[in-house]
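User: Please take a close look at one part of this model, and then place that part in its wider setting.

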Amino acid sequence: MLKVQLDVYSKRDRLIDKFRQALDGRNPIKAPRSMTYKTVAWHTRRLNAILNEKTSRYRPTPEIKVIPVGKDGRVSKPIRNKAERLEKGANGMFYQLERQGAESVWQNIVWDLHVADAACEKWLRSPSTWWPKLVPYLEEDEEEGAEPRDVLERVHGDSYEKIRESYKQEQGLPITRFWVPIERFYPVFDRGFLTEGFELSERSLRSLMNNPLFDTSSLSGYAQRGDGGLGQSVVILEYSNDTYHAYYALGPSTNSRQAWPRITSSLSLTMGTPVLLHSYEHGLGRPVYNYIIGRGGGWVSGDSRQEGVMEALLDKNQQADELFSQKATFLRNTMWPTRAAYFDREARGSDDNPPAPPKIEEGGIISMFKGEDIKNLTMNIPDFQFADRLSEQIIGDMNALAGSPVLYGERQPGVNTGYHQQIQQNQAKHLDSQIENALSRGAIGGVELAFLHIRAMGEKCYVFSAEKGRSGKMDGEYLCIDPKDIDPLPQLAAKVIDPQPQDLMIAAQTALQLTQMRPGHNTPLLDDARARQDILGFQDPEDIERSITEQTLREQLRLNPVIAQDMAQRLGLELAKRQSATLSPEEAASASPAFQQAAAEMNQSGEAAAAGGVQPANLAAQIDGRRMAESRTRDGAGTGGILQGVGGGLPTGAPQPMQVMGRTAQVMQGSQLG
Amino acid sequence: MAKYQKKNLSWPEETEDSIDSVVKSVADDVEFIIDSFMPDGRRFREQAMSEEEQLKKYVEEGLHDNPAAAANWIRTRVVQLTQELQKYGVPPEMVAQVHPYDIVQTAAFKFSAKMEKLLRERDEGIGAAVAPPIPMNPNGDGNWLSATAQIPQA
């Protein structure tokens, strides 16, 4: 069966291999070998540049959205809350996988989907590896029929359930995902559904022998070399269908026992004898592989509509490399100057052979006869008009095939107007959106596999989720993914690309124009909610409207005089609390007579009160704050009250004339205290 | 992607929080301004005056025994404080509420009490108002001479 699949996909594998060679700069450039000039062979790496630019448009990990499903057109709050929690859990899962170093899986998927029109990943669970303390076992002295218990249950007894959950939180989600290079995966589709899949990979024989899960008894004879099998690569065949996931080693054929199959040779792969290493029922109801089909059909039956595009891109890349090398060769051989010395035969004497060329140091001087000369032999550098035009055409073709970098503002040859530029951008966006849809479907497929694994385990799983709050600090929490919450599987959506800033700017400008009042009509073309939803792409325009109203009301409230008054009062309190604004009786008494008299006169004259609303008795109250506050009938009045931490503001309890008149007396009284 | 999240504060709590921040900031500004115009404070990028200099200026300006000079001193600084606070963006109604006269008078009394104490000490011969010892040139081997040490004659 593997042989059939290898044949079906042989064309795909060859093409992808050629593509990867070109990306690595290993495609040969045909150049003449010459003794008279140096040949330069340079790769333009145009394909890498295109891929870098295109793959960088995608998010490092997808953002999952769990869609709450309501009844009768209405989604209740509990359903929405549950969906939101699950959504955070799904995104937390990607966060955790990222921390485990699996972020390259998604990057590779994005890369493969662009390069090879399909991508594949594999989701596996391994609870005994992640949660070793939850593996039940029997002690030696326990009876055979006894219930096996794990180590946490044996140690913690009554608090087992609680400890168990916190242990799982700490250890994380026991699920991992792996990138499967597309040319190493051989899917079997039945009416469009992936029903089976073969994957080829390589491991060392030693790694196989050390894996306790694997039954390697039939391979034990091969691992007796000095390196314990480290140097021997073994091709592993993984197989998965709706029920099983199995591992086979492709051992050497019985005819030539030392000829191990090699992953790069399809022929050798059909010769070995598969040895079953391990198999188990995964319980997912679908293969463990997440196969993502690209815009060209994804090689489902061994063909892809993208094949022609891939071939064309390879051709254009080759042409660009050769043209570039020709230009470089020309420049290499003309721009290093070669000189000719012209001698006067008569002046030098009649000899058939010209004299030896003069040696001239850089910046040095030589003497020659009149009429003699030294000139550069190099010809004028041509302007490469034809070659440049060809070069531009190749680049233009590659951009059209791949989805051009006009999205990042690169102007194409011949495009001189904004209108044409916009047309090109639209074309590039449409090409991108097809890949975006494919990636989005792939992200959903991956999360579904993870959820199916959790259901198959029947265990509550925890992921850590961290978000940046409004304060800018990271807040985190453990989120539980309960198998009950994902049965049936929730409806999912995924975002794999963020809108570009220029998209938002254009959308904002459009929305602004459509919602402005039209002359003559006195109405806008669109209402705010529709502009927000359809032009700016916000999902909840009503929420935004509510937030804006709330924000406006808050601003109005803040401008309320009550707030301003409260702020002023609190400022008075704050200043009174501080050391700089308080005066001890000793300090008041020790001040110079000049200051004491000046203060008394200023306060009595009302000058202080008039300029700045000073409280005439305030200073005096500070001097003798405690006694005054206590003597007042109103508790907490005066700065003295403030000093005691009670009330605040002005000592309004005292009659104004008395305050003014008593000020000097109070000051003096304070000085006596000192 | 980090989503927009609301703080778990009610509107009054949030407003109180903001008011407290503003109040603290204005109070800091007041202290800073007072420090910048008081003789015993320090202006931006300037050296603080020594106590001796402060005392000299205090007596010269008549702050010890001339009520008119003292009143003028207070008035000048009240205007200064008011203007500075307005420069800092504190609205006039709030400036009025902080009672600039009280602040300046308090600061003046504190400063005056300190100067009066130094004057008393000087009159009584305690000699507190002496310039602090300053480091002298090293004598060549890394030892610092004390203020009373004799410089060896060559």
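The part I would like described is strand 9 of chain A: which residues make up strand 9, and are they buried or exposed?

Analyst: The account below starts with strand 9 and works outwards. This is a predicted model, and confidence comes first.

Strand 9 of chain A covers residues 289-293 and has the highest confidence in chain A, at a mean of 96. As a whole, chain A has a mean pLDDT of 80, with 81% of its residues at 70 or more.

All the residues of the strand are buried. Tyr289(A), Tyr291(A) and Ile293(A) point one way from the strand, while Asn290(A) and Ile292(A) point the other way. A residue is called buried here if 20 or more other C-beta atoms lie within 10 Å of its own. Since 5 of the 5 residues of strand 9 meet the term buried, the strand is largely enclosed by the rest of the structure.

Strand 9 belongs to an open sheet of 3 strands in chain A, with the order 3-2-9 and antiparallel pairing. Strand 9 is an edge strand of this sheet, pairing on one side only, and the other edge is strand 3 (175-180). From one strand to the next, the twist averages 20 degrees. The partner of strand 9 is strand 2 (residues 118-125), which runs antiparallel to it and is joined to it by 5 bridges. Two of the facing positions can be named. Lys122(A) stands opposite Tyr289(A), and Ala119(A) stands opposite Ile292(A).

Ile292(A) also leads into the interior of the model. Leaving out residues up to four places away in sequence, Ile292(A) touches Ile109(A), Leu113(A), Ala118(A), Ala119(A), Cys120(A), Ala438(A), Arg441(A), Gly442(A) and Gly445(A). The largest nonpolar core has 86 residues, and Ile292(A) is one of the four that touch the most other members, along with Leu113(A), Ala118(A) and Cys120(A). Helix 14 of chain A (residues 418-457) supplies the largest share of this core, with 11 residues. Apart from this core lies another, of 45 residues, whose members include Leu583(A) from chain A and Leu81(B), Val98(B) and Ala108(B) from chain B.

Chain A has a further open sheet, of 5 strands, in the order 4-5-6-7-8 and with antiparallel pairing. Its edges are strand 4 (185-190) and strand 8 (273-281), each pairing on one side only. Neighbouring strands in this sheet are turned by 20 degrees against each other on average, direction ignored. Strand 4 and strand 5 (residues 193-204) of chain A run antiparallel and are joined by 6 bridges. Within this pairing, Phe189(A) has Leu194(A) in strand 5 as its bridge partner.

Glu307(A) offers a contrast to the buried strand. This residue lies in helix 11 of chain A (residues 306-335). Glu307(A) counts as partly exposed because 16 other C-beta atoms lie within 10 Å. Along the chain, Glu307(A) and Arg12(A) are 295 residues apart, yet their C-alpha atoms are separated by 8.3 Å.

Chain B is the other side of the picture. In the model, 48 residues of chain B are in contact with 42 residues of chain A. Helix 1 (11-37), helix 3 (67-87), helix 4 (92-97) and helix 5 (100-123) of chain B each contribute at least two residues to the side that touches chain A. Helix 5 gives the most, with 14 residues. By class, this side of chain B has 28 nonpolar, 11 polar and 9 charged residues.

Some regions call for caution. The lowest confidence in chain A is found in helix 23 (residues 625-631), at a mean of 35. Over residues 613-674 of chain A pLDDT stays under 50, and the model has 122 contacts beyond four places in sequence for that stretch. Chain B has a mean pLDDT of 73, and 71% of its residues reach 70 or more. Residues 1-6 of chain B stay under 50, with 6 contacts beyond four places in sequence. Residues 128-151 of chain B are also below 50, and that stretch has 18 contacts beyond near neighbours in sequence. For the model as a whole, the scores are ipTM 0.71 and pTM 0.62.

Note on methods
Residues are numbered from 1 along each chain as its sequence is written. Chains are lettered from A and ligands numbered from 1 in the order in which they are written. This is a predicted model: local features need pLDDT of at least 70, side-chain atom pairs count only at pLDDT 80 or more; totals for chains, interfaces and linings use all residues. Two residues are in contact if their C-beta atoms, placed from the backbone, lie within 7 Å. Helices (H or I, at least four residues) and strands (E, at least two) are DSSP runs, numbered from the N terminus. Ala, Val, Leu, Ile, Met, Phe, Trp, Tyr, Cys and Pro count as nonpolar, Asp, Glu, Lys and Arg as charged, and the others, Gly among them, as polar. A nonpolar core is a set of buried Ala, Val, Leu, Ile, Met, Phe, Trp, Tyr and Cys residues joined through C-beta atoms within 7 Å. A residue is buried if 20 or more other C-beta atoms lie within 10 Å of its own, exposed if 12 or fewer, and partly exposed in between; C-beta atoms are placed from the backbone. pLDDT is the predictor's confidence in each residue, from 0 to 100. Two strands pair if DSSP finds at least two bridges between them. Axes are lines fitted to C-alpha atoms, for helices over the stretch in contact, and angles run from 0 to 180 degrees between N-to-C directions.
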